[in-house]
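Reader: Please show me the model, and then let us go through its architecture step by step.

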2 protein chains.
Amino acid sequence: MAENVKNYTVEGMTCGHCEMSVKEEVGEIAGISTVTASHETGQVSVAGEDFTDEQVAAAVEEAGYTVKA
Amino acid sequence: MAENVKNYTVEGMTCGHCEMSVKEEVGEIAGISTVTASHETGQVSVAGEDFTDEQVAAAVEEAGYTVKA
């Protein structure tokens, strides 16, 4: 299966530490190869294979933030 | 020498991760026993023996923040 990229808007990130927390949690999902996060824009970009929005949302919540619907 | 407590105003802390970074760096200074930090008020409280303002300011900068003069 080809790699695809999805973007999410995440609420609550205020600094680089927050970005790092999100990147760590989301990066632990099987199949995900790259995660970028910006507290300035709230954008989280996820690249990988076979991941679902639900998995990403759960990882973001685990890190202490919320994916905007 | 008796333990004493000093308070500092620190700029730039935006979340709990920031507080943790400051507490970790300042807590590494020899003689310091307790550090509290609040991103809401910017207040950092340091308890210990034989530490200087310069040491605290250097540790805060190491963590990525600034002690307000």
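Author: This is a predicted model, in which local features need pLDDT of at least 70, side-chain atom pairs count only at pLDDT 80 or more, and totals for chains, interfaces and linings use all residues. Residues are numbered from 1 along each chain as its sequence is written, chains are lettered from A and ligands numbered from 1 in the order in which they are written, and side-chain values use heavy atoms, with hydrogens and water left out.

Reader: At about what angle to β2(A) does helix α1 of chain A run?

Author: Helices (H or I, at least four residues) and strands (E, at least two) are DSSP runs numbered from the N terminus, and contact means heavy atoms within 4.5 Å. Helix α1, residues 16–27 of chain A, lies across β2 and β3 of that chain. With axes fitted as lines to C-alpha atoms, for helices over the stretch in contact, and angles running from 0 to 180 degrees between N-to-C directions, the angle of α1 to β2(A) is about 165 degrees.

Reader: Which strands of chain A does helix α2 lie across?

Author: Helix α2 spans residues 53–63 of chain A and runs at about 40 degrees to β1(A), the strand of residues 4–11. The strands that α2 lies across are β1, β2, β3 and β4 of chain A.

Reader: Which strands are at the edges of the open sheet in chain A?

Author: Strands pair if DSSP finds at least two bridges between them, and the four strands of this open sheet follow the order β2-β3-β1-β4 with antiparallel pairing. Each edge strand pairs on one side only, and in chain A these are β2 (32–37) and β4 (66–67).

Reader: What is the bridge partner of A:A37 in β3(A)?

Author: The strands β2(A) and β3(A) pair in the antiparallel sense over five bridges. In β3(A), the partner of A:A37 is A:V44.

Reader: With which side chain does that of A:S45 make a polar contact?

Author: A:S45 belongs to strand β3, residues 43–48 of chain A, and, not counting residues up to four places away in sequence, A:S45 touches residues including A:V5, A:N7 and A:V35. A polar contact is a pair of N or O atoms within 3.5 Å; within protein, one must be able to donate a hydrogen and the other to accept it, and residues adjacent in sequence count only if both atoms are side-chain atoms. At 3.1 Å, the partner is the side chain of A:N7.
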